[in-house]
Amino acid sequence: MSRFFWVRHGPTHAKTMVGWSDLPADLSDTAQVERLAGHLPQNALVISSDLSRARATADAIQGQRDRLAHDMDLREIHFGDWELKRFDEIEDEALIRNFWDNPGDVRPPNGESWHEVSARVDRAVARVMAAHPDRDIIAVAHFGVILTQVQQALQIGAYEAFAHRIENLSVTELHWQGGRWHAKGINHLP
């Protein structure tokens with residue numbers, strides 16, 4: 001059995017769509033970071049997105065755990081031309097509404113669709129599991145990344161997956177057992 005402990009990076013405090021922009025994480029709540037680090041298995045391997053907010057969060061919780069190389073496939077959704085914009089700044093209201101209400105093949109201009117994000121994250125997870133079978137993995141990533149895996153574990157549609165909250169510095173624990181993912185906890189704040 002493999003266990004993945006998906007951790008959402010520390011907050012950026014941005015009020016816009018933040019995908020591939022490299023904004024820093026606010027890790028000033030050291031008590032929360034310490035609780036998070038203490039909650040996670042000590043023998044787990046740590047991996048993160050290559051974006052600084054995820055890397056810094058992984059650094060803060062790593063402790064004595066072994067670290068794997070950062071993985072670009074664990075980046076947030078690529079919002080393309082919508083990057084760092086508020087919803088009300090998007091001119092094509094029908095497209096942005098369709099992107100969030102009917103996640104799948106709809107993509108922002110010069111960005112990626114939900115299906116493309118899911119495929120990218122699935123590749124990263126498969127690589128990690130193949131290289132480190134039956135290990136506990138702490139994966140520090142992003143809201144959309146984590147939701148792709150929640151969708152699989154709960155066997156629900158993307159729209160239903162978006163109904164789940166994934167707070168900054170929360171843990172979503174998924175187990176690979178019997179040829180499928182099982183959700184053991186979603187959005188837990190230690």
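Here's a quick tour of the strands, one helix and the aromatic rings in this structure. Keep in mind that the model is predicted. At its heart for our purposes is an open sheet of five strands, in the order 2-3-1-4-5 and with mixed pairing. We'll start with that sheet and then turn to the rings, where the structure holds eleven aromatic pairs.

**The sheet as a whole**

- Reading across the open sheet, the five strands come in the order 2-3-1-4-5.
- Strand 2 and strand 5 (180-188) sit at the edges with a single partner strand each, so one side of each has no neighbour in the sheet.
- From one strand to the next, the twist averages 20°.

**How strands pair up**

- Strand 2 (residues 45-48) and strand 3 (residues 136-141) are parallel partners, paired over four bridges.
- If you want a spot to look at, Val46 is opposite Ile138 in strand 3.
- Strand 1 (residues 2-8) and strand 4 (residues 171-177) run antiparallel, and six bridges join them.
- Here Val7 is the one to find, standing opposite Val171 in strand 4.

**Side chains on strand 2**

- Leu45 and Ile47 point one way from strand 2, while Val46 and Ser48 point the other way.
- Whichever way they point, Leu45, Val46, Ile47 and Ser48 are all buried.

**A helix across the sheet**

- Helix 5 (residues 143-154) lies across strand 1, strand 3, strand 4 and strand 5.
- Its direction makes an angle of about 130° with strand 5.

**Aromatic rings**

- Of the eleven aromatic pairs, one is formed by Phe4 and Trp181: it's edge-to-face, with 5.5 Å centre to centre and 90° between the planes.
- That pair links distant parts of the chain, since Phe4 is in strand 1 and Trp181 is in strand 5, 177 residues apart.
- Both partners are tucked away: Phe4 is buried at a relative accessible area of 2%, and Trp181 counts as buried at 7%.
- Phe87 and Trp100 make another pair, with ring centres 5.9 Å apart and planes at 75°, so this one is edge-to-face because the angle is over 60 degrees.
- Phe87 is in the loop between helix 2 (52-62) and helix 3 (93-101), and Trp100 is in helix 3, 13 residues apart.
- Phe87 and Trp100 also belong to a cluster linked by ring pairs, together with Phe79, Trp82, Phe99, Trp114, Phe143 and Phe162.

**A charge over a ring**

- The charged end of Arg75 sits over the ring of Trp20, at 4.8 Å from the ring's centre.

Key
Residues numbered from 1 in each chain as written. Predicted model: local features only at pLDDT ≥ 70, side-chain atom pairs only at ≥ 80, totals over all residues. Heavy atoms only, no water. Buried < 20%, exposed > 50% of the residue type's maximum accessible area, 1.4 Å probe, protein only. Helix = DSSP H or I, 4+ residues; strand = E, 2+ residues; numbered from the N terminus. Pairing = 2+ DSSP bridges. Axes fitted to C-alpha atoms, helices over the stretch in contact; angles between N-to-C directions. Contact = heavy atoms within 4.5 Å. Phe/Tyr/Trp six-rings, centres within 6.5 Å; stacked < 30°, edge-to-face > 60°. Lys NZ or Arg CZ within 6 Å of the ring centre and 35° of its normal.
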